Amino acid sequence: MSAATLKAERPKPFDVERVRLDFPCLQQTVHGRPLVFLDTAASAQKPAVVIDELARVLREDYANIHRGVYALSERATDLHEAARAKVQRFLNAAEAREIVFTRNATEGINLVAQSFVRPRVRPGDQVLITAMEHHANIVPWQLLRDQLGLELVVAPVNDHGELLMDQFEARLSPRTKLVSVTWVSNALGTINPVHEIVELAHRHGLPVLIDAAQAVQHMTVDVQDLDCEFLVFSGHKLYGPSGIGALYGKADLLAAMPPYQGGGEMISSVSFEHTEFNEIPYKFEAGTPAIEAAAALGVAIDYVQELGLEQIAAHETDLLAYATRALQQVPGLRIVGTARQKCSVLSFVMDQAHPQDIGTLLDLDGIAVRTGQHCAQPVIERLGHSATARASLGLYNTEADIDALVASLRRIASMF
Ligand SMILES: Cc1ncc(COP(=O)(O)O)c(C=O)c1O
């Protein structure tokens, strides 16, 4: 093998300083200080290519899709379906029709609740979740509980915020209709052993929904390898626009499910007496979708794939280790969520200051973190807190961002 070939095959180094230049929003000052953005778990900043694609579609390729016989509409439709194919390849789904565009991960979970679980539920049937779920994977099941008597069963976590697998297994029962778990906890950063969870559930003949809202931006996802029945994510956490997300579902399951909402696009023929539904995935996509956002999500996927998810993961893993060591040196600070398998999230409390005050004081230094319960109130309370401050990492964060955070936290610790 020649030296040139060897060089070409070597993985590209991850040049975070160059990558940062792709993100216009990061190039600003806040309260006179350079912005340090540490709230990517809530929503990621967008690279210029994504922003440009939104504008480009609206300028050049915009018309309603799947309807027009004219060239512009056909072009817009092709773009939309090309974006679907990109999501398919990104998740390694077997077929593009297994990808349903949704508004976000929340809508994907609600779709599965209403179209997959609801028709199967008898009073006393159960959905099994974990104690670390986002509210998006709690409340849809409570709606079914109130409407139909579904029981919500919760597998507990230990004091580190790790799922207790033996307790999880003990809660699988003949009454379980679905196992629905987050891959990565947004509040703690815990990575759940989803492959093991799917295997266990399948041994009991049970389908699994994976909430990958905090996973797809940090690691390679392969739904065929995982073999889950359903998986959801949001575009806005994957450096794409808001208003677009996706539900992956195995084709045979999606085909057998009733529609989630009624309207245009999801039908093949309508009379006042009877409606024939469209084929999957369109059966689940009632009304005009987020046309420009879907195209821009496709570009966001291209962007992270060009950087390489493995390189992104390696960069973020190093940074999480650096940040964990640095935060542990801050007087009076305790990290909340200390799982062995963790990813990109640092929740913490301080003896001296309430999380709300920490967030406000950090903001004065130009540092953006989230404070509160992070839409995961039960797990924050389980670990003994009413709220935490949360710094979450994205592919554009640097050691300098962490140094700025730590310096500011040291000042806060000395103030109180
Ligand atoms: C783990 C997890 N699931 C679901 C959601 C809901 O995402 P969205 O609000 O985009 O629907 C979030 C958002 O923070 C999340 O972190």
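Trainee: Which residues are the closest to the ligand, and how many surround it?

Mentor: In this predicted model, 14 residues surround the ligand, and the closest are Thr106, Asp211, Ser234, His236 and Lys237. By class, this shell holds four nonpolar, eight polar and two charged residues.

Trainee: What makes the pair formed by Asp211 and the ligand a polar contact?

Mentor: A polar contact is a pair of N or O atoms within 3.5 Å. A polar side-chain atom of Asp211 lies 2.5 Å from a nitrogen atom of the ligand, so this pair meets the definition. For Lys237, an N or O atom of the side chain is 2.5 Å from a ligand oxygen atom. For His134, the distance from a polar side-chain atom to an oxygen atom of the ligand is 3.3 Å. The protein buries 89% of the 390 Å² that the ligand exposes when taken alone.

Trainee: Why is helix H3 called roughly antiparallel to helix H11?

Mentor: The axes of H3 (residues 48-60) and H11 (residues 291-307) cross at roughly 150° and come within 8 Å. Angles over 145 degrees count as roughly antiparallel, and therefore H3 is described as roughly antiparallel to H11. Their crossing is right-handed.

Trainee: What is the omega of the peptide bond that joins Ile280 and Pro281?

Mentor: Omega is about 5°, and the bond is cis. Pro281 lies in the loop between strand E12 (275-277) and H11. Most peptide bonds are trans.

Trainee: What is the phi of Tyr239, and where is this residue placed?

Mentor: Tyr239 has a positive phi of about 70°, although it is not a glycine. Its place is in the loop between strands E9 (230-234) and E10 (245-249). Most residues other than glycine have a negative phi.

Terms used:
Residues are numbered from 1 along each chain as its sequence is written. This is a predicted model: local features need pLDDT of at least 70, side-chain atom pairs count only at pLDDT 80 or more; totals for chains, interfaces and linings use all residues. Side-chain values use heavy atoms; hydrogens and water are left out. A residue is near a molecule or strand if one of its heavy atoms lies within 4 Å of it. A polar contact is a pair of N or O atoms within 3.5 Å; within protein, one must be able to donate a hydrogen and the other to accept it, and residues adjacent in sequence count only if both atoms are side-chain atoms. Accessible areas come from the Shrake-Rupley method with a 1.4 Å probe; for residues, only the protein chains shown count as cover. Ala, Val, Leu, Ile, Met, Phe, Trp, Tyr, Cys and Pro count as nonpolar, Asp, Glu, Lys and Arg as charged, and the others, Gly among them, as polar. Axes are lines fitted to C-alpha atoms, for helices over the stretch in contact, and angles run from 0 to 180 degrees between N-to-C directions. Helices (H or I, at least four residues) and strands (E, at least two) are DSSP runs, numbered from the N terminus. Angles under 35 degrees count as roughly parallel, over 145 as roughly antiparallel, 65 to 115 as roughly perpendicular and the rest as oblique. A crossing is left-handed if the near helix is turned anticlockwise from the far one by less than a right angle, and right-handed if clockwise.
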